[in-house]
Amino acid sequence: MNKKILTTVVILSGICFTSAAALADNYVFEPTTSNGYTYVETPTTTTQISANTATTTPAVNTSASSSDISTNYQNAILELDNAQVKMRTDLLNYKSQYQDIDEKYNLIKDQRSAMKKLVGETEKKITEIEKNKTKIRKQML
């Protein structure tokens with residue numbers, strides 16, 4: 001009994017999934033049908049410019065047409081792309097600064113070790129000179 005119910009449920013769910021894809025309209029991801037609202041494209045109004053003026057004024061459109069919405073989406077995507085490019089150039093600048101600092105650090109580290117050796121050698125020489133001076137003083141007495 002359970003096996004029959006299970007197979008029936010699997011078959012019906014398979015039919016529902018395949019028929020939903022076949023019967024769906026092709027505008028699922030288009031912004032003109034989002035949230036159940038359909039947007040009607042209205043003609044844009046333009047303003048006439050007199051020949052005496054040197055500046056132009058853009059046409060003002062107060063309607064929310066699908067081309068405006070898709071243009072807004074495209075503008076948003078372009079802004080995100082520009083921000084991403086800026087962030088990548090900043091990252092490259094940070095990496096180059098890090099590499100410069102790392103090279104300076106390694107150079108200073110090498111200089112420090114060389115100076116430490118030099119200090120150690122000069123201290124040894126000073127102690128040898130001190131020992132020789134004390135030997136000579138002892139021989140003089």
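Reader: Which residues form a nonpolar patch on the surface?

Author: This is a predicted model. The patch has about 340 Å² of accessible area, taken over its members together. One of them, Ile5, sits in helix H1, which covers residues 2-23. The members are Met1, Ile5 and Val9.

Reader: Is Ile5 buried, partly exposed or exposed?

Author: Buried needs under 20% relative accessible area, and exposed needs over 50%. Ile5 has 45% relative accessibility. That value lies between the two cut-offs, so Ile5 counts as partly exposed.

Reader: What does the secondary structure of the protein chain come to?

Author: Helix H1 spans residues 2-23. Helix H2 spans residues 66-140. Strands number zero, and the total is two helices.

Reader: How many salt bridges does a search of the whole structure find?

Author: Asp90 pairs with Lys86 through their side chains. Glu130 pairs with Lys133. The search of the whole structure gives a count of two.

Reader: What is the N to O distance between Asp90 and Lys86?

Author: Both residues lie in helix H2. They are four residues apart, about one turn of the helix. A salt bridge needs nitrogen and oxygen within 4 Å. The Asp90 and Lys86 side chains meet that limit, with N to O at 3.3 Å.

Reader: Why does Lys86 count as exposed?

Author: The cut-off for exposed is over 50% relative accessible area. Lys86 passes that cut-off because its relative accessible area is 52%.

Reader: How far apart are the closest N and O atoms of Glu130 and Lys133?

Author: Glu130 and Lys133 are both in helix H2. Three residues separate their positions, about one turn of the helix. Their salt bridge has its closest N and O atoms apart by 3.7 Å.

Reader: Are Glu130 and Lys133 buried, partly exposed or exposed?

Author: Glu130 has 41% relative accessibility. Lys133 has a relative accessible area of 36%. Both values fall between 20% and 50%, so Glu130 and Lys133 are partly exposed.

Reader: What share of the residues of the protein chain counts as buried?

Author: The accessible surface of the chain comes to about 13,600 Å². Carbon and sulfur atoms hold 61% of that surface. Of the 141 residues, the buried share is 4%.

Reader: Over which residues is the pLDDT below 50?

Author: The chain averages a pLDDT of 77, and 64% of the residues score at least 70. One stretch falls below 50. Beyond near neighbours in sequence, that stretch has zero contacts in the model. The stretch is residues 50-54.

Conventions: Residues numbered from 1 in each chain as written. Predicted model: local features only at pLDDT ≥ 70, side-chain atom pairs only at ≥ 80, totals over all residues. Heavy atoms only, no water. Patch = residues over 30% accessible without salt bridge, like charges linked within 9 Å, V, L, I, M, F, W, Y side chains within 5 Å. Areas by Shrake-Rupley, 256 points an atom, 1.4 Å probe, with all protein chains shown as cover. Buried < 20%, exposed > 50% of the residue type's maximum accessible area, 1.4 Å probe, protein only. pLDDT = per-residue confidence, 0-100. Contact = heavy atoms within 4.5 Å.
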